[in-house]
Amino acid sequence: MDMDAAVLLLVDYQQAFDDAPWPRRWNKDVDRKALALLEAWRETGRPVIHVRHDSVEPGSTLRPGEPGHAMRPGFEPQPGEALVTKSVNASFIGTDLDLRLRRLEAKTIVTCGISTDMCVSTTVRTGANMGWNMLLVEDACDCFDLPDGRGGTIPAETVHRVHVATLGFEFCKVTTTSALLQTL
């Protein structure tokens with residue numbers, strides 16, 4: 001992948017995911033790894049685009065004006081970094097993300113965020129279907145325990161593993177924070 005024409009796309013690093021009604025998350029290192037990647041990325045001068053979920057659902061913790069709507073500490077956009085707001089899972093739907101990437105002459109979209117199986121997965125799938133070279137930093141993502149529809153729970157670790165495998169098989173290349181930091 002062309003890392004010289006790469007953009008870092010940070011999806012939904014928002015405070016709402018720390019508290020109820022969201023279920024248990026698995027990746028205790030998600031902020032540390034994603035912030036290490038963000039810091040190193042900024043040092044290279046490559047473009048960063050932040051994505052924030054602006055829910056339109058009544059009562060959502062991700063709704064503008066709610067405390068959980070805010071970005072997680074350290075993930076606030078810096079001067080010169082774009083912020084794309086969305087109200088659905090895919091960062092490309094109803095936003096100007098594709099146009100921004102084209103204007104940056106991007107070739108590779110390096111993606112991570114919360115949650116692996118929802119907004120990150122949908123963004124990676126949509127981006128790949130639109131022709132972008134997608135690269136998922138899997139250990140800088142997090143997701144939640146999910147009900148299995150049969151009275152049980154699918155552990156977040158399993159949800160993450162299955163989605164990373166599916167994405168890597170069809171939609172993107174998969175890497176880790178440490179491997180990507182070595183290439184920068």
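**View 1. Ser121 within helix α3 of the predicted model.** Ser121 lies in helix α3, and the structure in which it is shown here, as in every view that follows, is a predicted model. With a relative accessible area of 2%, Ser121 is buried, and it shares this state with other residues of α3, among them Thr116, Asp117, Cys119, Val120 and Thr123. The list of buried residues in this helix also includes Val124, Thr126 and Gly127. In an α-helix there are 3.6 residues to a turn, so residues that stand three or four places apart point the same way. Between the C-alpha atoms of Ser121 and Ala40, which are 81 residues apart along the chain, the separation is 24 Å. Beyond the helix, α3 is followed by Gly131, a residue whose phi is positive, near 100 degrees.

**View 2. The largest pocket and its lining.** The volume of the largest pocket is about 250 Å³, and 19 residues line it. Those that lie nearest the centre of the pocket are Trp22, Leu62, Asn89, Met118 and Cys119. Helix α3, which spans residues 116-129, gives the most to this lining, with 3 residues. By character, the residues of the lining divide into 10 nonpolar, 6 polar and 3 charged. As a guide to reading such a view, rolling a probe the size of a water molecule over the atoms shows where empty space is left.

**View 3. Ser60 and its contact with Leu62.** Ser60 is found in the loop between β2 and β3. Its relative accessibility is 15%, and because residues under 20% are taken as buried, Ser60 counts as buried. A polar atom of the side chain of Ser60 lies 3.0 Å from the backbone nitrogen of Leu62. Leu62 itself is one of the residues that lie nearest the centre of the largest pocket.

**View 4. The stacked rings of Tyr13 and Phe75, with other aromatic groupings.** Across the whole structure, a search finds 4 aromatic pairs. One of them is formed by Tyr13 and Phe75, which are stacked, with 4.3 Å from centre to centre and 0 degrees between the planes. This pair links distant parts of the chain, since Tyr13 belongs to the loop between β1 (6-11) and α1 (30-44), while Phe75 belongs to the loop between β2 (48-53) and β3 (82-86), 62 residues apart. Both Tyr13 and Phe75 are buried. Elsewhere, ring pairs link Phe17, Trp22 and Phe144 into a cluster, and Trp22 is also among the residues lying nearest the centre of the largest pocket.

**View 5. Arg46 over the ring of Trp41.** In this view, Arg46 lies over the face of Trp41, at 5.4 Å from the ring centre.

**View 6. Two buried loop residues, Ser91 and Ala140.** Ser91 has its place in the loop between β3 and α2 (97-103), and at 0% relative accessibility it counts as buried. The C-alpha atoms of Ser91 and Ala6 are separated by 17 Å, with their positions 85 residues apart along the chain. Ala140 lies in another loop, the one between β5 (133-137) and β6 (146-147), and Ala140 is likewise buried, with a relative accessible area of 0%. From C-alpha to C-alpha, Ala140 and Thr116 are 9.4 Å apart in space, and in sequence they are 24 residues apart. Thr116 is itself one of the buried residues of α3.

How values were computed:
Residues numbered from 1 in each chain as written. Predicted model: local features only at pLDDT ≥ 70, side-chain atom pairs only at ≥ 80, totals over all residues. Heavy atoms only, no water. Phe/Tyr/Trp six-rings, centres within 6.5 Å; stacked < 30°, edge-to-face > 60°. Helix = DSSP H or I, 4+ residues; strand = E, 2+ residues; numbered from the N terminus. Buried < 20%, exposed > 50% of the residue type's maximum accessible area, 1.4 Å probe, protein only. Lys NZ or Arg CZ within 6 Å of the ring centre and 35° of its normal. 1 Å grid on protein atoms, 1.4 Å probe; cavity = no way out; pocket = protein on both sides within 12 Å on 5 of 7 lines; lining within 4 Å. Points joined across faces, edges and corners; volume = space filled by probe spheres on them. Nonpolar A, V, L, I, M, F, W, Y, C, P; charged D, E, K, R; others polar. Polar contact = N/O pair within 3.5 Å; in protein donor to acceptor, adjacent residues only side chain to side chain.
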